[in-house]
Each structure stands twice: as C-alpha cells, then as structure tokens.
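Work through the exercises below with the sequence and the structure at hand, and try each task before you read its solution.

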Amino acid sequence: MKYAEIIVQINAKEVDRIFFYTVPKALEDKIKTGSRVTVPFGRGNRPTEGYVTALTDEVSTDRTLKEITSIKDPYPVFSKVQIDLAKWMQKKYYCTLTDCLQCILPKITKDKVERYVNLAADNEETEKIIKKNNRQSQLLKELRQNSPLSLKYIKDSLEISLQTVKSLEKKGIVTISELEQSRDLYDTKNPSPSRSHSPTHDQQAVINRVVSSLNAPEKKPFLLKGVTGSGKTLVYTEIIDKTISMGKQAVVLVPEISLTPQTVSRFIERFGEKVTVTHSKMTEGERFDQWKKAKRGDVSIMIGPRSAIFAPFENLGVIIIDEEHEKTYKSEITPKYDAREVALKLSELTGAAVLFGSATPSIESFYKTETGEYELLELNSRINMTPPDIFAVDMRDELALGNRSMFSLRLQKAIRETLKAKKQIILFLNRRGHSTFLSCRSCGYVMTCENCSVSYTYHKQDEKLVCHYCGREASVPDRCPACGSPYIKYFGAGTEKVITEVNKLFPEARILRMDADTTKTKDSHRQILEAFAAGKADILAGTQMIAKGLDFPNVTLVGVIAADLSLNSSDFRSAENTFQLITQVAGRAGRAGDKGRVLIQTYMPENYCIEYAKREDYSSFYNEEIEFRRQMAYPPFSNIAVVLFTGEDEREVIRNLHILAEIFAFYGKNKDYSRIGPSAAAVSKIKNKFRHRLIIKGRDEEKLKNYIFYCLDKFNEKYNPKGITVSVSVNPTYIP
C-alpha cells in the first residue's frame, strides 16, 4: 500500500503540518509528488484541497488512515525543487507551508477554449442541403471555402444559430470541437527585427565569465556593476542565448511592472516565442496560461517582477535580477519573501547561475563582493553616449529670489530650451497626487483618514481627498471641520501638481503622467511608455516607476523636482535610496548622440549623497556609507528584525507587545542582541487596525531568527492572544 504526505490548503498554524493518507489502488499510477488532490479532512470529513509533498511505502502510526478522494490535475503542479523551496521559505519567513505553496503556484483557472465547426462529410446529402438555399446551406458553403470556422464567428458574423449547427452535427455532416486558446499579452510570433548585437570587449568578458560557470558544480553569485547606458541588457540576452543553447531555461526579474514592456520587447526581438511574461496586472487566467507554457517547456525565458522567480522550469540555467538594489523585490505581504534570497536558494537546489545587475548596487550586495561571497563584474563605459551634465539647484536661493514655483528658474529655462529643440523631458517626483495634505491656516488642523493615522492626499482632477493606505475618499471641505475657518490650504506637491504647473508655464507642451493613479488598468504602463517613445508627448512626469531602466533616445533633459523627499525619511537607508534614485533617473538623459542634462532640485545640495550622485561616483558614496553603517552597527554589520503586532484594540496590542518584550529581555540576557521599543509603527493605524512594533538587532541572522521565534513560541504557548496578528520581517526594506 502506498501512502502520501499531504499539506492541506487551510491557512492556519494549527494544521500547518504533514498529514498521512492512503493512496487508493485506482490512483496509484496517477498520484505523484507535487500532485493536487482532494482529501476528507477533520471530524466531518469535509472535502479539502491538499498537495502531495512526498510518497512513501510505510508510515509509523497505529491510527486508521483516511483515503485520498481524487486527483485534481493530470500532472503534478509542484516539482520536488519547488516543494523543497516552499519548506525553506516556511522556516526563513516565519509563515505556514500553505502560504508558501500558494505563493509559488498561481491560481489554477479553467482553460480558455474556443469551439470550432468542421466539415465532416462532403457527399450527396451535402449537395441536397446546399441546394435548399437556407441557413444550413449557407453554413456548408462557408465551410467548403474555409473549414474550420469558430462557432463565435458563425453566430456573430454569419448570424447562424447554434440550433442550425447542432442539426447538421446530428446528421454527421459537421463536427464541433474545442481548441485551447492561450491568453497572451504580447505578440511573440511576429517580433520586430532584432537590433544588432555585437558585444564590446568589456561586455564579452562579462558574458564569457558567467557562461563559463553555467556547468560548474559550484558557483558564486555574480554582481554586475554597470553604469547606466553600459549595455547590461545586451549582456543578459547573450548569456541567455548561450543558456538556451545548452537546453536550459532562464528567469529575468525586473523591479517594476513599468519596466516589463520595454524589457519584454527587447527579449522578444531576440528570442520570439521562447519568451513569456507574468505580473500582477495580468488576469488570473493570463498568469495561469504563462505558467502552463513554462511547465510544459513551451517557453525558455520567464520575465517579470518578483513572482516570476517561481516559474516552473524543469532545467533552470540562469537567474538574472536587474536593478538588484530595488526594495520591490521584497514582498510586504505574507510570505514576506525576498526574491533575491529565493534566487540564491534556487541556485543551491538547481545549480542555476545567479547574476545580480545594477548601476547602483545595494550596500549589502557590494559589501558581499568585498568579503568574497559574490564575484564582482564591472562595465564602466557607456555605449554610444556620453555622461550627462548633472547640476544641483539650491532651492533656498530660489526662495531668496522670490520664486515660489515648484520649478527653479534654471529648470524652467532648461525646459523651454529643450522644447524649442524638439527634444523630450522627464520630470521625476516621488509622490503622486496634487498636494500632500490639506491644512487649516487658522488652527493648524490637518485632514486625516478616519481609518489610518495618515493625512489625506488631495487629488485635484477628481476633487477628492484620498488615503493612499486604505483608499478611503473624502470630499474637500469649504471650511475647517475643527474651527470653521474658511482658510483651508493645500500643502506639498505630487505628480498631479507637476502637470498643473507645467500646463501653466508651458501651455504648448504635450504631457504624460505615470504614477499609481494613471496605471491602474492592465495595459496602462505599456500604453503610456509606447506613446512617449513614439513622440506623442514632450514631457513624461512620474514617480519612481519612470526613474530606472527605461530607454528613450530623444530624452535630453531630466528634472528631479524634490530630491529631499527620500533624503528626509527616518529610514537608515535614506541616503542610499536618494543616491540610487538620482543616479538612476539621471541615466535616462542623453542616451543617444545628444548631450543630456540633469537638474536636481534640493534644499541640501551639500549632502554627501547628492554630491556623489552629481559626480556619478558610486565608489566614494559606498566608502562613506559603509563606514557610517559600520559605526552604527547597521546592515551589513548586523541584522534587523521587526516584530509587528496589529489589532483593532490598541490597548490589547500594546499590553501584549510589552509582555513579549519582557520575554525577549528574559531570554536575551548576556546575548548579543539589542532591542528598540515597544513603540508605535511609523504609520500607527491602517484600515482601523493599530500597529505597534519591537525592533531586534543581532549580528548573526540565523541566531537572531531562532531567538525571535523561540520567544514568540514561548509567548504563544502561554498567552496566544485573540484578535492580534503577529508578523516578523527580517532585514526589511524599510522599518514599518
């Protein structure tokens, strides 16, 4: 008798373990490791979905085991590698195995099928019918000319009913068949002509080094530090070309959905139908279809943001993570996985090479090249472009001159000159909306969301106040709700206000806006970028989704409206984030033959990160930043974990968090851990749930995690509070 180890699809800690079931004789040849099955579960034997994580011939139990009811798919939905990966994620990210398996597998949907009508018999009976000159004869004439025809075309265009088709089917003259239709966003069958690909000497050296490691039994991850415009994409495509020629597959991760259209088009040019893509703006059916293509081996390259790391390839050869420094590679929902860490684990499980790429590598990644954990590869020269001229504009001087506009006089002049030259402009401001908050000038009251501890953002186009955390909307008041004063004023600026100001100053300019508000629909990213690339707009204004990776040859001016937005955050990574953003967005200027200009508007031009960004001097910035991290014992010299309690009763949240803090103190005596808090989270309420946190620092990540989870287990054993959600994030991209 065969037995199956099964994880049931119930997302609860209490049942987050293996259950044994017997495999019925009728299913012995069909059920494999990774199969999705239905099993009776619980006292009521409720039919429940589960996943087979292993098969065995014996079990050590005296209990009578229940039997698997049915198998749900003709093939296993998980490979052994993916099951092992899920088990690793469960321990790494403090979540249930069900969480991890559901994260790896897209929602399985019904296949999209289209019904077709075929001419089955063309004989004397057909000739009797055709002569009648009715609906049946009309259909048969059409089928003689072009068989098969889709049933939809027959009903909609020929206006012939299903009943007519069915009557011919009954006579054996036609047949109706179903064909699976693939839900694709991109046309991979008719790619644009591929641009020439002749690597430079430096590019070829990088390509050779990575390719030489593909069959090596042991390999280090590679970090490719390539300045903007150095041709990293060509390096990626050449490496993938060699990988595919070896019969292996490739995953390419990009940090933003906005980068997907340009990246995909470059890969489709080169590889055609071997390419597919997945991302969160696609429908569940579209994502499932791309998953099936990868599962069947119909494609060799999967491109997308972080979830693309779970592509079900059987022979993974290389994982490329572009713009590796970006925080979007870390999920903020359970399981809180980091796609970069998952890539390294997949490399360990499959032998695939991992290549991280960036013009501005994260401090932690570059430090790993110094300790020998990663191998450093470099591209220090631009291809077909000279570095742009980068200037910092001191906005304090603008105020002294009486300029109250969000645009400095120098930026206004540069925009005017660029428009006159028929070139394009990118204006970057990392905040959407029109104004950051609405405040009363009489009493100082600020309009805040009732559900969240944040101020509303004013959206002028809709004449609404919107909470960017929960989506709650409020009407704009005529008078202050607190004191009744009519002196209500908007403060701060977002991308919507940039558009308003540009329209005032440059009414002749054609403008496109790209932020979370204008990219809500599925294909909006591609439509905006294609319109700008086609020259249908002079100015593209947007948030960080336009700051990196995009290639527009006609852009010669980039304006950074408020560099201090990211610099003045409380995050210890604020200088790094600002340096990266400025360097990345500066790289969008002058990518063809024309000289580029970048103007950085700031109230702190003397800050070291802005000084080094102006000079595009990563090495000097890194040296100063790493010394700051060393002195403050911040990553990479320590690991930081955040334990977040969330609940509707704030007093209970605080009380329980203080109990946990005492447990940490008791078990942390004489150990290398430090604790900050308990304290309110940066945003202390979201969607009517209060948020308080503990921050724990320690040198060794594994020991730190074990210490935290041990203390949490002790807390749950004794207290296990109801109505409170506990989440743990180790080395988060920002401190919540």
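A crossing of two helices is called right-handed if the near helix is turned clockwise from the far one by less than a right angle, and left-handed if anticlockwise. Keep in mind throughout that this is a predicted model.

**Exercise 1.** Describe how helix α7 and helix α8 cross, and state which residues make the contact.

*Solution.* Begin with the axes: those of α7 (residues 201-213) and α8 (residues 232-245) come within 9 Å and cross at roughly 35°. With the definition above, the crossing of α7 and α8 is right-handed. Next, look at the residues that touch: α7 contributes Gln203, Val206, Ile207, Val210 and Val211, while α8 contributes Leu234, Val235, Glu238, Ile239 and Lys242. Finally, sort these contact residues by character, which gives seven nonpolar, one polar and two charged.

**Exercise 2.** Decide whether the residues of strand β9 are buried or exposed, and find the strands with which β9 pairs.

*Solution.* The cut-off for a buried residue is under 20% relative accessible area. In β9 (residues 222-226), five of the five residues are buried, so the strand is largely enclosed by the rest of the structure. Then separate the two faces: Phe222, Leu224 and Gly226 point one way, whereas Leu223 and Lys225 point the other way. For the pairing, β9 is joined in the parallel sense to β14 (residues 353-358) over four bridges, and Leu223 stands opposite Phe356 of β14. Five bridges join β9 to β15 (residues 375-379), also in parallel, and here Phe222 stands opposite Glu375.

**Exercise 3.** Work out the order of the strands in the open sheet of six, and explain why one side of each edge strand lacks a neighbour.

*Solution.* Reading across the sheet, the order is β16-β26-β25-β17-β24-β23, and the pairing is parallel. The edges are β16 (389-394) and β23 (511-514), and each has a single partner strand, so one side of each is left without a neighbour in the sheet. From one strand to the next, the twist averages 15°. At the β16 edge, six bridges link β16 to β26 (residues 597-602), with Phe391 opposite Leu599. Helix α18 (residues 574-586) packs on this sheet, where it touches β16, β17, β25 and β26, and its direction makes about 170° with that of β17.

**Exercise 4.** Characterise the hairpin that β28 and β29 form.

*Solution.* First, β28 (residues 673-686) and β29 (residues 689-698) pair in the antiparallel sense over eight bridges, and Ile676 has Ile695 as its bridge partner. Second, two residues lie between the strands, and Lys687 in the turn has a positive phi of about 55°.

Methods
Residues numbered from 1 in each chain as written. Predicted model: local features only at pLDDT ≥ 70, side-chain atom pairs only at ≥ 80, totals over all residues. Heavy atoms only, no water. Pairing = 2+ DSSP bridges. Axes fitted to C-alpha atoms, helices over the stretch in contact; angles between N-to-C directions. Contact = heavy atoms within 4.5 Å. Nonpolar A, V, L, I, M, F, W, Y, C, P; charged D, E, K, R; others polar. Buried < 20%, exposed > 50% of the residue type's maximum accessible area, 1.4 Å probe, protein only.
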